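Me: I should be grateful for a close look at one part of this protein, namely its aromatic ring pairs. Please set out which rings pair and how each is placed.

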Amino acid sequence: MAKLGAKAGWSENYVQSITASTTLVASDSGKVFTVATDALVITLPACEAGLKFTFVNTGADDNNIITISPQATDGIFGTINLADSVVELGGVANKDLINTKSGSVKGDSCTLVSDGADWYVIAATGIWAAEA
């Protein structure tokens, strides 16, 4: 992963590009991750109170599938609204959050936080889907 715009060790507003599927760790909390490569899976660490991650699709329009995958026992909760589209994430364990390829736009983003038991979408733009 390439580090952009900040020195190592600074986590708040720290921007890092992800170029291959990866598993994040708790010390990555607070970072903004840019993703310009198609078909990557980003695995979240186990839930821990206060963890926060932001993901931004920086690839070309209609080019990137970005999959955010919780640990097997963790779920993602939240509602994402875009025009007439509403995606409700029910917190089902081990179900991914996906920025769909068709309809993806450079700049689509999602911010997740954890309360120690689950993940919550606190902000999102673009077309995202819940894994079936």
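Reply: The account below takes the aromatic pairs in turn. The model is a predicted one, and the count comes to five aromatic pairs. One of them joins Phe-33 and Phe-53, whose ring centres lie 6.4 Å apart with 35° between the planes. That geometry is classed as tilted, because the class covers angles that are neither under 30 degrees nor over 60. Phe-33 belongs to strand S4 (residues 32–35) and Phe-53 to strand S6 (residues 52–57), so this pair ties together parts that are 20 residues apart in sequence. Phe-33 has a relative accessible area of 0% and is therefore buried. Phe-53 likewise counts as buried, at 0% relative accessibility.

A further pair is formed by Phe-77 and Tyr-120, with 5.6 Å from centre to centre and 20° between the planes, and it is stacked. Phe-77 sits in strand S8 (residues 76–82) and Tyr-120 in strand S12 (residues 119–125); the pair thus links distant parts of the chain, 43 residues apart. Phe-77 is partly exposed, with a relative accessible area of 28%, and Tyr-120 is also partly exposed, at 29%. Both values fall in the intermediate class because buried requires under 20% and exposed requires over 50%.

Finally, the rings of Phe-33 and Phe-53 also belong to a cluster: ring pairs link these two residues with Phe-55 and Trp-119.

Notes. Residues numbered from 1 in each chain as written. Predicted model: local features only at pLDDT ≥ 70, side-chain atom pairs only at ≥ 80, totals over all residues. Heavy atoms only, no water. Phe/Tyr/Trp six-rings, centres within 6.5 Å; stacked < 30°, edge-to-face > 60°. Helix = DSSP H or I, 4+ residues; strand = E, 2+ residues; numbered from the N terminus. Buried < 20%, exposed > 50% of the residue type's maximum accessible area, 1.4 Å probe, protein only.
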